[in-house]
Amino acid sequence: MKAIEISNLVKRYGNFTALRDVSLEVNIGDSWAILGPNGAGKTTLIRIISGQAKPTGGEVKVFGVSSNEFTEEIKRRIGILSHNHLLYEDLTAWENLIFYGRLYGVEGIEDVAEDMLRKMGLIGRADDPVRTFSRGMKQKLAIARALIHSPDLVILDEPTSGLDVRSRKDLADMVSSLKRDGKTVLFTTHNLEEVSEFCSYVAILHRGRLLGTRRVGGEPLEDYYLRLVEDASTH
Amino acid sequence: MLRHIKEIAIKDLRLEFRTKSTLNFMLLFALITSMMFSISVPFQSIQGTAPGLLWLVFLFVGLMGFSRAFLREVELGTLDGLKSAPVSPSDILLGKVIYNLVLVLIMEAIIVPVFIGLFDLEIGNLPLAFLVITTGNAGFVVVSSSLSTLVLRARSRELLAPLIMFPVIYPVISTTISGLRMAMGGGVLMDVKNEFILLVSFIIIMLIVSLLTFEYALED
Amino acid sequence: MEIEKKTQGIIMLISVAGFLLAILCGYGALIYLGPEKTLGDSYRIFFFHTPSAIVSLLGFTGTLIFSVRYLIRRDVESDIYAVSTAKVSLVFVTIALIMGSIWAKFAWGEYWNWDPRETAVLILWFVYAGYFALRSAIDEFDARARSSAIFAVFGYVTVPLAYLSTRIWASLHPVIIHTTGMNLEPRMVMVFVPMIFAVLMIYISFVWIDGRLKKIEYQLMEVVE
Amino acid sequence: MNVLVGVFIAVMAFLLLMLGLQLTLISKVRRLERQMRRLKER
């Protein structure tokens, strides 16, 4: 079984085609970067994989289950960190984690949440509303939120945007520890350098089309990327 | 699942009581409309028009307040969090309905006494009046909770919302007023039997329609 | 394309037959039948008012069916026909409302009486006016089709309500069709029933033509893309 | 009686107007279909 199998995925919003004929397979335990400029369809792809949006055509399977029959069981195995942090600003850090933990049916949620907050270094601010947090702290809490139910597939949608150097380093540590634990990681970015820093595979998305996939290493990514994009525009 | 519904409702109540953003606005709005009515309606005719006016206050307030439950999630972007969580759409809807029902009960407990005082009303059967308003509001909450998601991506949604909600809840509006009139005149439960049958069947039908369509309403 | 041509021919036939039948029945209603005992000549409005009302209610049922079909299938065609049926029904119910209030002026002395049936039909009118308002406010195709389809399902409650309004609330509105049969003289039935069919045929042809127009406009838009 | 004849004529005129509307709509459909064919041939 693969973690993700996407075949001939199409997503249209009215006349605008966000994704056309995207096919991709991700093995369990691999870490993939989806690289593409803004508007390439990265977020749309993520939304479909995480069950927030439905495909117009084609099929997406996550852990063998098709997105058309997406069950709560599958959603429980996915953790998503979106560029929108998905936190309730007027609730405290603690309340946010407890709320989501209960929705995900996490057992012993209070202990898990406390562990999580300690690991993220937020335990001292647990009872402060999220509104008062700095950008980096919100990001840390968002990570805790995404991982509260220890998901098998972790989706990170542009997680580095707006992060300072310190928080970025923490994020990289977190991703490598996820990889060590054998989790599948999906990571979207528009930044070439981040690909090799976080992931071992890369898929290049350009104007809704998947131009190519490869292992990280060998030919410099920049050359590979430019070659694919030029090929695509001459066709 | 009941657990999810409860979690969502409690979360929303906690959010609301922390900021009171909706509750305060709803109350102020209710007070100012009551005052406007009090100024505009001649004293002699108030006993006859009061049921309609009281219900209008609730309609206006509900129209502004009930849709906040979803709007707030959309503005914060947390609706995506709910959608990616293992929660069925009907749980989300029912959580919001229950949250709005609690808001309604709070509003009633404050507005009705103020309204009675402001107009110096005589209410024949106060418990029945409360019961009628609550049932009417329940119908309103069910419809507005799910219709408010339809205008989320529309232009000028604040204008559009009453436009599409009022005609659909018209049966609730008219039966509640007639029930309220009965209760104010000192009627008993048996006098408003027909109104109750109509209201309850409306609520049940709308709840079924909401639960069936809500999965589509949340999609994108 | 070939099938479309054939349907087009059939629809043209239905349309022309509908119009001819309507003229014939109009003659029957206005000239062939004599005045009624209590209402005099004003009862003749009934032959135009009631068929448009009946057909528009049937038409809104069509809107419901196409809307549900859209939600299941997500096809452009269902959305287009949901809109066409709603549009033509809205015109017909407007006609029924206007003629009804003219009749009310003769029979009850006022154009508008807030009779339960009048009110219920007016609310229904607002529901479908709201339907078009909702559509015009959403730009994105899928969101527009989906939202309005869901709204059509909700709004449909007003249709049975309009039909049953005379039974639920005390109403002045005459009830013509009972479960036991029709409350009409045989000669009147001879004009009334064909008139329903005539209006229905006109309705169907309008819906088909409008739907066809919208479909081809949609296809053109896609090709230009 | 005269009033009724007048009403009848008005109804006929209204029906003919509707028929005319249908015919214009159909001719518009035809025109767009031709346009479509031309676009497809290209």
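Helices are DSSP runs of at least four residues, numbered from the N terminus. The exercises below concern a predicted model.

**Exercise 1.** Determine which helix gives the largest share of the nonpolar patch.

*Solution.*
Step 1. List the members: the patch on the surface is formed by Leu31(B), Ile32(B), Met35(B), Met36(B), Ile39(B), Ile110(B), Val114(B) and Leu118(B), which together have about 680 Å² of accessible area.
Step 2. Assign the elements: two or more residues each are given by helix H2 (21–40) and helix H6 (89–119) of chain B.
Step 3. Conclude: H2(B) supplies the largest share, 5 residues.

**Exercise 2.** Classify Ile39(B) as buried or exposed, and classify His4(B) likewise.

*Solution.*
Step 1. Locate the first residue: Ile39(B) belongs to helix H2 of chain B.
Step 2. Apply the cut-off: Ile39(B) has a relative accessible area of 62% and is therefore exposed, the limit being over 50%.
Step 3. Turn to His4(B), which is part of helix H1 (residues 2–19) of chain B. Its relative accessible area is 0%, so His4(B) is buried.
Step 4. Identify the surroundings: apart from neighbours within four places in sequence, His4(B) contacts Glu72(A), Arg102(A) and Leu103(A), as well as Pro86(B), Val87(B) and Asp91(B).

**Exercise 3.** State which helices the buried residues of H6(C) pack against.

*Solution.*
Step 1. Identify the buried residues of helix H6 (residues 158–168) of chain C: Thr158(C), Val159(C), Leu161(C), Ala162(C), Ser165(C) and Thr166(C).
Step 2. Name the partners in chain B: helix H8 (157–168) and helix H9 (170–184).
Step 3. Add those in chain C: helix H2 (46–73), helix H4 (116–137) and helix H5 (141–155).

Notes
Residues numbered from 1 in each chain as written. Chains lettered and ligands numbered in written order. Predicted model: local features only at pLDDT ≥ 70, side-chain atom pairs only at ≥ 80, totals over all residues. Heavy atoms only, no water. Buried < 20%, exposed > 50% of the residue type's maximum accessible area, 1.4 Å probe, protein only. Contact = heavy atoms within 4.5 Å. Patch = residues over 30% accessible without salt bridge, like charges linked within 9 Å, V, L, I, M, F, W, Y side chains within 5 Å. Areas by Shrake-Rupley, 256 points an atom, 1.4 Å probe, with all protein chains shown as cover. Salt bridge = Lys/Arg side-chain N within 4 Å of Asp/Glu carboxyl O.
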